[in-house]
Amino acid sequence: MTARGLAPEPRAPRAIQRWNGHLWEPHGFAANLAEARRIVFPDTEAAASTPEATPRLGPGTGRHRKPSSSS
(Lines give C-alpha, C1' and ligand atoms only; values in the text may rest on other atoms or scores of the structure.)
Protein backbone atom coordinates (compact mmCIF):
# COMPACT_ATOMS: atom_id res chain seq x y z
CA MET A 1 0.00 0.00 0.00
CA THR A 2 1.37 3.41 -0.92
CA ALA A 3 0.92 6.63 0.98
CA ARG A 4 -1.22 9.31 -0.57
CA GLY A 5 0.70 11.47 -3.04
CA LEU A 6 3.60 9.03 -3.53
CA ALA A 7 4.41 7.40 -6.84
CA PRO A 8 3.99 3.63 -7.12
CA GLU A 9 7.05 1.43 -6.74
CA PRO A 10 9.14 1.88 -9.93
CA ARG A 11 10.63 -1.64 -9.67
CA ALA A 12 7.24 -3.37 -9.54
CA PRO A 13 6.00 -5.33 -12.59
CA ARG A 14 3.47 -3.54 -14.83
CA ALA A 15 0.47 -4.70 -16.83
CA ILE A 16 0.10 -2.68 -20.04
CA GLN A 17 -3.29 -1.95 -21.59
CA ARG A 18 -4.20 -0.15 -24.82
CA TRP A 19 -7.38 1.73 -25.70
CA ASN A 20 -9.05 0.34 -28.83
CA GLY A 21 -11.61 3.12 -29.18
CA HIS A 22 -14.23 1.39 -27.06
CA LEU A 23 -12.49 -0.29 -24.13
CA TRP A 24 -9.08 -1.04 -22.61
CA GLU A 25 -7.49 -4.28 -23.83
CA PRO A 26 -4.55 -6.18 -22.32
CA HIS A 27 -1.41 -5.53 -24.38
CA GLY A 28 1.44 -7.05 -22.39
CA PHE A 29 3.59 -7.01 -19.29
CA ALA A 30 6.77 -5.16 -18.30
CA ALA A 31 9.27 -6.00 -15.58
CA ASN A 32 9.39 -2.44 -14.24
CA LEU A 33 8.31 1.16 -14.88
CA ALA A 34 11.24 1.97 -17.19
CA GLU A 35 10.50 -0.99 -19.45
CA ALA A 36 6.78 -0.12 -19.47
CA ARG A 37 7.58 3.43 -20.59
CA ARG A 38 9.78 2.10 -23.43
CA ILE A 39 6.89 -0.11 -24.61
CA VAL A 40 4.17 2.55 -24.32
CA PHE A 41 6.25 5.47 -25.66
CA PRO A 42 8.77 3.90 -28.09
CA ASP A 43 9.63 7.10 -29.98
CA THR A 44 10.36 9.22 -26.88
CA GLU A 45 14.01 8.10 -26.62
CA ALA A 46 14.71 8.92 -30.28
CA ALA A 47 13.18 12.38 -29.88
CA ALA A 48 15.15 13.05 -26.70
CA SER A 49 18.46 12.14 -28.36
CA THR A 50 17.97 14.55 -31.30
CA PRO A 51 17.50 18.10 -30.01
CA GLU A 52 15.26 20.31 -32.09
CA ALA A 53 16.83 23.29 -33.80
CA THR A 54 15.59 26.55 -32.33
CA PRO A 55 14.96 29.39 -34.75
CA ARG A 56 17.49 32.20 -34.59
CA LEU A 57 16.29 35.78 -34.67
CA GLY A 58 18.50 38.12 -36.62
CA PRO A 59 18.60 41.89 -36.56
CA GLY A 60 15.56 43.57 -38.00
CA THR A 61 12.90 46.20 -37.62
CA GLY A 62 9.87 43.96 -37.56
CA ARG A 63 6.54 45.22 -36.27
CA HIS A 64 7.01 43.62 -32.85
CA ARG A 65 10.66 44.58 -32.40
CA LYS A 66 11.64 46.99 -29.65
CA PRO A 67 12.67 50.35 -31.17
CA SER A 68 16.39 51.14 -30.94
CA SER A 69 17.43 53.66 -28.30
CA SER A 70 19.54 55.71 -30.77
CA SER A 71 16.81 58.07 -32.01
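## Exercises on a predicted β-β-α-α chain

In this predicted model, confidence in the chain is highest in strand S2, at a mean of 94, and lowest in helix H2 (residues 44-49), at 60. Averaged over the chain, pLDDT is 77, and 54% of the residues reach 70 or more. Keep these values in mind as you work through the exercises.

### Exercise 1: the overall layout

**Task.** Work out which elements the chain contains and in what pattern they follow one another.

**Solution.**
- Step 1. Begin with the inventory: the chain has two helices and two strands.
- Step 2. Now read along the sequence, which gives the pattern β-β-α-α.
- Step 3. Turn to burial: 6% of the 71 residues count as buried.
- Step 4. Look at the surface as well: about 7,100 Å² is exposed by the chain, with 58% of that supplied by carbon and sulfur atoms.
- Step 5. Finish with the contacts between residues at least 6 apart in sequence; 2% of these join residues at least 24 apart.

### Exercise 2: the hairpin

**Task.** Describe how S1 and S2 pair, and find the residue in the turn with a positive phi.

**Solution.**
- Step 1. Locate the strands: S1 covers residues 14-19 and S2 covers residues 24-30.
- Step 2. Assign the sense of pairing, which is antiparallel, with six bridges.
- Step 3. Check two of the partners. Arg14 is bridged to Ala30 in S2, and Arg18 is bridged to Glu25 in S2.
- Step 4. Examine the connection: four residues lie between the strands of this hairpin, and Gly21 in the turn has a positive phi of about 105 degrees.

### Exercise 3: a nonpolar patch

**Task.** Find the residues that form a nonpolar patch on the surface, then decide whether Leu23 is buried, partly exposed or exposed.

**Solution.**
- Step 1. The patch is formed by Trp19, Leu23 and Trp24, whose accessible area together is about 380 Å².
- Step 2. Place Leu23 in the chain: this residue sits in the loop between S1 and S2.
- Step 3. Classify Leu23. Its relative accessibility is 46%, so Leu23 counts as partly exposed.

### Exercise 4: two residues of helix H1

**Task.** For Leu33 and Ile39, list the contacts beyond four places in sequence and classify the exposure of each residue.

**Solution.**
- Step 1. Leu33 belongs to helix H1 (residues 33-40), and Ile39 is in helix H1 too.
- Step 2. Take the contacts of Leu33: Pro10, Ala12 and Arg14.
- Step 3. Add a distance for Leu33. Its C-alpha atom lies 6.3 Å from that of Arg11, although 22 residues separate the two along the chain.
- Step 4. Do likewise for Ile39, which touches Ile16, Arg18, His27, Phe29 and Ala30. The C-alpha atoms of Ile39 and Ile16 are 8.6 Å apart, with their positions 23 residues apart along the chain.
- Step 5. Classify both. Leu33 has 24% relative accessibility and is therefore partly exposed; Ile39, at 29%, is therefore partly exposed.

### Exercise 5: the salt bridge

**Task.** Search the whole structure for salt bridges, name the side chains involved and classify their exposure.

**Solution.**
- Step 1. The search of the whole structure returns one salt bridge.
- Step 2. Identify the partners: the side chains of Arg11 and Glu9 meet, with 2.8 Å from N to O.
- Step 3. Classify Arg11, which has a relative accessible area of 66% and so is exposed.
- Step 4. Classify Glu9, which has a relative accessible area of 36% and so is partly exposed.
- Step 5. Link back to Exercise 4: Arg11 is the residue whose C-alpha atom is 6.3 Å from that of Leu33.

Technical notes
Residues numbered from 1 in each chain as written. Predicted model: local features only at pLDDT ≥ 70, side-chain atom pairs only at ≥ 80, totals over all residues. Heavy atoms only, no water. Pairing = 2+ DSSP bridges. Patch = residues over 30% accessible without salt bridge, like charges linked within 9 Å, V, L, I, M, F, W, Y side chains within 5 Å. Areas by Shrake-Rupley, 256 points an atom, 1.4 Å probe, with all protein chains shown as cover. Salt bridge = Lys/Arg side-chain N within 4 Å of Asp/Glu carboxyl O. Buried < 20%, exposed > 50% of the residue type's maximum accessible area, 1.4 Å probe, protein only. Contact = heavy atoms within 4.5 Å. pLDDT = per-residue confidence, 0-100.
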